[in-house]
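Student: Could you take me through a close look at one part of this model, keeping the reasoning explicit and setting the part in the context of the whole chain?

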Amino acid sequence: MKKIVGLWVLCLLAGCSGAAKKNASGCDNSALYGYIYICLPEIDGMTECRTEKGVQEVIQPYLASGPVLAYYLNKETYRQVDQLKEISYEDYFLMYGEYRLENSHAREADLERAEKDLEQTLFEGSNFDRISDRIEEYYQTMTVGKPALIEKYSPRPNVRTMIVLMKYKHGDGETSVVSAVDFILLKNRLFNLAYYVAYTGGKSIDEARRKNNAFIDRLLEIN
């Protein structure tokens with residue numbers, strides 16, 4: 001469970017194929033998590049593009065711990081998908097799992113434990129400083145102070161969500177990002193969804209919550 005937390009924190013602090021075809025899951029687009037297919041929703045204004053070369057370059061550090069099940073970019077960013085490592089962008093979804101757990105039969109207690117572990121990692125003790133150092137090593141991005149927990153809630157049964165505000169520096173610039181991280185128990189598997197958008201005031205928090213909840217609703221509907 002700790003590895004899930006480590007992977008998510010790496011994704012959070014880094015701030016970082018469109019062609020659909022039928023497969024064995026019966027979905028237009030799906031990801032295989034262990035032996036289970038997860039159907040991936042269509043999201044208005046966004047393209048799921050985890051197989052693109054530019055995305056594969058960005059997600060390489062994550063793949064050491066678990067599979068990236070989906071990566072959604074908005075239309076503007078997707079036009080620059082081949083240059084993702086050279087540009088700064090927000091407004092994207094990342095869905096990911098853990099190799100160690102991809103064929104484990106998860107229960108609600110595992111969901112609760114994962115959420116608690118993340119809270120301890122981000123907001124208690126010295127683990128955050130260690131993870132922050134890893135981010136700087138990988139991405140030359142420096143976090144600015146510990147993240148702030150804005151809200152915790154459960155948008156649907158078997159889903160736990162945190163809204164987190166984070167600042168980080170890249171070169172001479174400083175950016176504030178709102179992140180929604182979800183722990184999802186689906187088809188007896190535990191995995192994560194994270195959404196990132198630039199912080200521009202209270203409305204950006206409301207928009208992050210709305211867009212994240214809409215993704216969750218659609219994901220559960222088609223699975």
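Tutor: Let us begin with a side-chain pair in this predicted model: the side chains of Asn29 and Glu48 are joined by a polar contact of 3.0 Å, and Asn29 itself is found in the loop between helix 1 (2-14) and strand 1 (30-33). The relative accessible area of Asn29 is 18%, and because buried means under 20%, Asn29 counts as buried. Leaving aside residues up to four places away in sequence, Asn29 touches Ile38, Cys39, Leu40, Glu48 and Arg50, so that list includes both the polar partner Glu48 and a cysteine, Cys39, that leads to the next feature.

Cys39 forms a disulfide with Cys27, and the sulfur atoms of the two residues are 1.7 Å apart. Cys27 lies in the loop between helix 1 and strand 1, whereas Cys39 belongs to strand 2 (residues 36-39), so the pair ties together parts that are 12 residues apart in sequence. Both Cys27 and Cys39 are buried, and a search of the whole structure finds one disulfide. Another cysteine, Cys49, is also buried, with a relative accessible area of 0%.

As for the wider setting, the protein has six helices and 10 strands, and 52% of its 223 residues count as buried. The accessible surface of the protein comes to about 10400 Å², with 46% of that area belonging to carbon and sulfur atoms.

Key. Residues numbered from 1 in each chain as written. Predicted model: local features only at pLDDT ≥ 70, side-chain atom pairs only at ≥ 80, totals over all residues. Heavy atoms only, no water. Helix = DSSP H or I, 4+ residues; strand = E, 2+ residues; numbered from the N terminus. Buried < 20%, exposed > 50% of the residue type's maximum accessible area, 1.4 Å probe, protein only. Polar contact = N/O pair within 3.5 Å; in protein donor to acceptor, adjacent residues only side chain to side chain. Contact = heavy atoms within 4.5 Å. Areas by Shrake-Rupley, 256 points an atom, 1.4 Å probe, with all protein chains shown as cover. Disulfide = S-S within 2.5 Å.
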